[in-house]
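Let's take a walk through this structure together. Have a look at the sequence and the 3D view before reading on.

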Amino acid sequence: MPLILHDLPPLHWALAGLGIAGVTLALLFLANRRLGISTGFEDVCSLVLPFPYFKRGAVVSGREWRLPLLAGLVLGGFLSAALGGGWQPTWALGVFDQAIGWGPAAKVAWMFVGGLFIGFGTRLAGGCTSGHGIFGLANLELPSLVTTISFLGAGIVTSQIVYRVLFPMVGL
Amino acid sequence: MTRIYLILGIVFGFILSRSGAADYDFIQGMFLFTEFQLYGIIAVAVLVTAPGIWLIKRRGHTIFGQRLAIETKPFHRGNVAGGILFGIGWSIAGMCPGPMLVNIGEGKLYAIAALAGALVGAGLLGSLYPALQRPFALPPLKLGTGEG
């Protein structure tokens, strides 16, 4: 299956996994940091929201390194598109377009709701796919195993409901 | 150091973009059991990172001689409840936090709405933290739910 991005062929999963491991280990070995992206949401929140939760040490001291990392993620995506066929804004959403077929306004609402769950859920769980799923599991942390099972399980159930019950599509 | 973080972010972002981890169809394929790709990526990433962390911890210092200081994540009821909420969101949006930013960089406009939602969601969690602490047995406010 090609990527939505310019129908590019995906990297081999073993190569991609190896690359992600390399980045995770470099972050630890060079900079003494544990990989984790979702705390970055709090870093951004802390720039504008006055609640004591956003004044904690982990957030304030994390900003100086996590915000450049997050900026790098955006740049990496930009470079990938630019080098892989040219950067251009798009609304293309793969199977969503085929099975559900809603336009941009409904996509914005759909994505905003998804984002709400992601922002609230990751911060309640104390991490996301990177902090729990990769670093936490690799560091043999039990809370990370519990969290990873929870989010994978919930994702599986949700997608099954969306694409096998609510908007079933032949061939999926 | 800022440059190191930026470069690592770019490499990470490029890999996420080209591997399917930032691709709605591959995420649905993972949750619908029609694509092995994402399971393979996560498994290899964890299996290679694990011995790497073990080796770096055994050494006890970073390459620049700084003492290794990594906090482990606390256990609380938010792990399950938050994990479930996040999983629902991951399926709906087809992206987790890192890929959300990658998608924005790629030019996928809907990802901006996902990021806006995520920031509002994180803001809500932070503002409600004192009220959520008891029901979810969350750590003291100055620690939070865990860095990651």
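A residue is called buried when its relative accessible area is under 20%. With that cut-off, buried residues make up 53% of the 172 residues in chain A. Keep in mind that this is a predicted model.

**Chain A on its own**

What is chain A built from? It has eight helices and zero strands, so to speak an α-α-α-α-α-α-α-α run when you start at the N terminus. Its C-alpha trace spans about 50 × 35 × 35 Å along the principal axes. If you take the contacts in chain A with a separation of 6 or more, 49% of them join residues 24 or more positions apart.

Here are some values for chain A and for its interface with chain B:

| Item | Area | Share on carbon and sulfur atoms |
|---|---|---|
| Exposed by chain A | about 6,600 Å² | 75% |
| Buried between chain A and chain B | about 10,600 Å² | 76% |

As for charges, chain A carries 9 positive and 6 negative ones, and the mean positions of the two groups are 6 Å apart.

**Where the two chains meet**

How many residues of chain A are in contact with chain B? The count is 120, and they meet 117 residues of chain B. A:Trp13, A:Phe29 and A:Leu124 supply 7% of the area that chain A buries against chain B, and no other three residues supply more. If you go looking for salt bridges across this interface, the rule finds zero.

**A helix in chain B, and a charge inside it**

Now zoom in on helix α2 of chain B, which covers residues 24-31. Why can we call α2(B) largely enclosed by the rest of the structure? Because eight of its eight residues are buried. Among them are B:Tyr24, B:Phe26, B:Ile27 and B:Phe31. The cover over these buried residues comes from both chains: it includes α5 (95-99) and α8 (142-166) of chain A, along with α3 (37-59) and α4 (78-93) of chain B.

B:Asp25 also sits in this helix. Which side chain of opposite charge is nearest to B:Asp25? That is B:Lys108, 8.9 Å away, and B:Asp25 is buried without a salt bridge. A salt bridge would need a side-chain nitrogen of Lys or Arg within 4 Å of a carboxyl oxygen. Leaving aside residues up to four places away in sequence, B:Asp25 touches A:Met1, A:Ile4, A:Leu93, A:Gly94 and A:Val95.

Terms used:
Residues are numbered from 1 along each chain as its sequence is written. Chains are lettered from A and ligands numbered from 1 in the order in which they are written. This is a predicted model: local features need pLDDT of at least 70, side-chain atom pairs count only at pLDDT 80 or more; totals for chains, interfaces and linings use all residues. Side-chain values use heavy atoms; hydrogens and water are left out. Helices (H or I, at least four residues) and strands (E, at least two) are DSSP runs, numbered from the N terminus. Buried means under 20% relative accessible area, exposed over 50%, partly exposed in between (1.4 Å probe, protein chains only). Contact means heavy atoms within 4.5 Å. Accessible areas come from the Shrake-Rupley method with a 1.4 Å probe; for residues, only the protein chains shown count as cover. Lys and Arg count as positive and Asp and Glu as negative; His and the chain ends are not counted. The place of a charge is taken as NZ of Lys, CZ of Arg, CG of Asp or CD of Glu. Buried area is the accessible area (1.4 Å probe) that two parts lose on being put together, summed over both.
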